[in-house]
Amino acid sequence: MIVVEDVHHTYDVDRAHPVTALKGINLHIEEGEYVVIIGRNGSGKSTLAKHFNALLIPTSGDVSIKGMNTKDPQHLTTIRHSVGMVFQVPDNQIIATVVEEDVAFGPENMGLPLQELRARVDEALTVVDMLDHRTRPPHMLSAGQKQRVVIAGAIAMRPACLVLDEATAMLDPRGRRDVLDTMQQLHAQGVTIIAITHFMREAVEGTRVIVMDQGNIAMDGPPQRIFSQADELRQLGLDLPQVTQLAERIHRRTPAFPTPLLSVEECVEELCRLPQSAVVSS
Amino acid sequence: MPLTAVGGGELMTPVLRVEDLHHTYLPGTPFEAVSLQGVNMEVQEGEIVAIIGPTGSGKSTLIQHFNGLISPQRGSVTVLGQDLRDHDLDIKRLRRQVGMIFQTPEQQLFEQYVGDDIAFGPRNFGLDAAEVRQRVKRAMEMVGLGFEDFKDRLTFSLSGGEMRKVAIAGVLALEPRILVFDEPTSGLDPATASEFLAKIRELRDLEKVTIIIVSHNMESVAQLADRIYVIVQGQSVLEGTPQQIFSQSDQIRDYGLDTPQVTQVMQGLRSCGRPVRADLLSVREAEEEICRCFDLTERQVDH
């Protein structure tokens, strides 16, 4: 689906201090994967994400989406239709004055017939639970509601891949859960999901975790493997989800206690297997 | 009402008091939207108070009252002894006293050079160059940006996290008595976020700055706040310490909020009939409680 070969990217906005954000990235993302990218601020996550739909072109190296090189301008429209992007700040992505018109903007530009357009907009708004707000002006919505409108706009394009760059950062816990459930649902339908997050408890949702550091890929593997390396993660400015930290601490005291545990349910289940202490049970 | 000075550790008059506050956007138009419908809260000097609530509950509208960005339509807001409905209100003074750091403050940067951006506020308040320089330096150090290293950097060449630090330094340089943060850690990596939360606590501990934070991150709220107000549909519905608030987990979840993961684990254990305390918020507390209730040594022998 996405192939990244020896990609470097340098920002030279400030000529005196050019910043090399990517320093030779090699990466294959297969269709249907759910990849979570984590890494400290400035590690290159967002720069990498912007290469996935040709918002940025590599300074050197190549990125191809379904075999289309992002450097080739004739593929630009197809690439942008294939890979949808959702950013952290919804206001920057909202252009219409009515919610449903905003969601319709992308698919309308694809030249879809009206009926199909209507159906897609309603479906997308239903997925993000904003159908009741479809005639409201977006600037009157809360940040979390606006973000759901942006996600609806991306989903309405039916992209093969959805890239979410900290899309849940501004949402409340339920909104976050809704977006994560939406991502799981889209993933189950075969959509490739690439999510950048600073919430470690969201990073365990994926099938693969990529850890970036200083423009390089520092770790790459399934969440169980990544989150069993607590010390390495901390050195990279990251952490474990609270529940994983708790399990790790219990494991240190009782090596038979399994680690890493990634969910509250698993942790409760394992703790319930421990014998109660004599003091408490007497 | 005159502000009585806080003396001898006695907390007398709150630095901020909100009484029965109402706010409606675009009243009398088709887009009329009720945002606040009866918020009450009080913040004492030197407290760290968190405001939590689902999106759209009116949190941002509420805090925009605190430095006079929005005037009370009904009800009252009193900040450092100033009634914000007062026609003689010295708004400039109020805005120096109450620093606001909004979500994604990096969007508020506008100067070409980092040092100038941070100096903008103090310069506008007519401080002399030496004092401005001193304040900029101090503010940059508080957020962890080296003065010499960063002051002449181009603002828009910085990373998002660095830009946020610049924006916060710009507010700190005004040396406000109350600091209001809307989602202080969103977009920050875990290490930077916890470093930043520690800085906020330090501002309170060392400078006696009163802190009000609005956040959706229940785990950082649980660690940082002395007290929490829960705002739902424009009303203040719950108030209490983090332990009191997060032990009402069913209600919290009904409001579209959440509890810290360790609290969930402890409550899960209670549901399984294990006699553990459920009002725990940190990993360390949970670990200790689990050690108390379970025989970990026996299990070690098994291994």
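This passage describes the salt bridges, internal cavities and strand pairing of a predicted model.

Salt bridges make a convenient starting point. Side chains of opposite charge can pair when their charged atoms come close. Across all chains of the predicted model, a search of the whole structure returns 41 salt bridges. A few of them are worth following residue by residue.

One contact that crosses between chains involves Arg249(A) and Glu287(B), whose closest N and O atoms are 2.9 Å apart in a salt bridge. Arg249(A) belongs to helix α10 of chain A, residues 242-253, while Glu287(B) sits in helix α12 of chain B, residues 283-293, so this pair joins two chains. The two partners can also be described by their accessibility. Arg249(A) is partly exposed, at 24% relative accessibility, whereas Glu287(B), with a relative accessible area of 8%, is buried. The value for Glu287(B) is under 20%, and therefore this residue falls in the buried class.

Within chain B, a salt bridge brings together the side chains of Arg227(B) and Glu239(B), with an N to O distance of 2.8 Å. Here the two residues come from neighbouring entries in the strand numbering: Arg227(B) lies in strand β9 (residues 227-232) and Glu239(B) in strand β10 (residues 235-240), so the salt bridge ties together parts of chain B that are twelve residues apart in sequence. Arg227(B) counts as buried, at 16% relative accessibility. Glu239(B), by contrast, is partly exposed at 42%.

Chain A offers a further example in Arg234(A) and Asp239(A), whose side chains meet in a salt bridge at 3.3 Å, N to O. Both ends of this contact are partly exposed: the relative accessible area is 33% for Arg234(A) and 24% for Asp239(A). Chain B also holds a network of salt bridges, which links Glu131(B), Arg135(B), Arg138(B), Glu175(B) and Glu207(B).

Attention can now turn to the enclosed space. Rolling a probe the size of a water molecule over the atoms shows where empty space is left. In this model, five cavities of 30 Å³ or more are found. The largest cavity has a volume of about 70 Å³. Its lining includes Tyr34(A), Val36(A), Leu164(A), Met183(A) and Ile196(A), together with Glu166(A) and Glu202(A). Three elements of chain A, namely β3 (34-39), α6 (173-188) and β8 (192-196), each contribute at least two residues to this lining. By class, the lining of the largest cavity comprises eight nonpolar, two polar and two charged residues.

The second largest cavity holds about 50 Å³ of space. It is lined by Val143(B), Gly161(B), Arg164(B), Lys165(B), Ile168(B), Leu188(B), Thr192(B) and Phe196(B). Two elements of chain B, α6 (160-172) and α7 (190-207), give two or more residues each to this lining. The largest share, four residues, comes from α6(B). Four nonpolar, two polar and two charged residues make up the lining of the second largest cavity. In terms of domains, domain 1 (1-109 + 177-257) and domain 2 (111-166) of chain B each provide at least three of its residues.

The strands complete the picture. Strands of a sheet pair through backbone hydrogen bonds, either parallel or antiparallel. In chain B, four strands form an open sheet with antiparallel pairing, in the order β2-β1-β4-β5. Its edges are β2 (33-43) and β5 (82-83) of chain B, each of which pairs on one side only. At one of these edges, strand β4 (residues 74-79) of chain B is joined to β5(B) by two bridges, and the two strands run antiparallel. A residue pair to look for here is Val79(B), which stands opposite Gln82(B) in β5(B).

Strand pairing in chain A can be traced from β1(A). Strand β1 (residues 2-11) and strand β2 (residues 19-29) of chain A run antiparallel and are joined by eight bridges. Along this pairing, Tyr11(A) faces Val19(A) in β2(A), the two residues standing opposite each other. β1(A) is also joined by five bridges to strand β4 (residues 60-65) of chain A, again with the strands running antiparallel. In this second pairing, Glu5(A) stands opposite Asp62(A) in β4(A).

Note on methods
Residues are numbered from 1 along each chain as its sequence is written. Chains are lettered from A and ligands numbered from 1 in the order in which they are written. This is a predicted model: local features need pLDDT of at least 70, side-chain atom pairs count only at pLDDT 80 or more; totals for chains, interfaces and linings use all residues. Side-chain values use heavy atoms; hydrogens and water are left out. A salt bridge is a side-chain nitrogen of Lys or Arg within 4 Å of a carboxyl oxygen of Asp or Glu. Buried means under 20% relative accessible area, exposed over 50%, partly exposed in between (1.4 Å probe, protein chains only). On a 1 Å grid over the protein atoms alone, a cavity is a set of points where a 1.4 Å probe fits but cannot get out, and a pocket is an open set with protein on both sides within 12 Å along at least five of seven lines; lining residues have an atom within 4 Å of a point. Grid points are joined across faces, edges and corners, and a volume is the space filled by probe spheres set on the points. Ala, Val, Leu, Ile, Met, Phe, Trp, Tyr, Cys and Pro count as nonpolar, Asp, Glu, Lys and Arg as charged, and the others, Gly among them, as polar. Domain bounds come from an automatic or database domain assignment. Two strands pair if DSSP finds at least two bridges between them.
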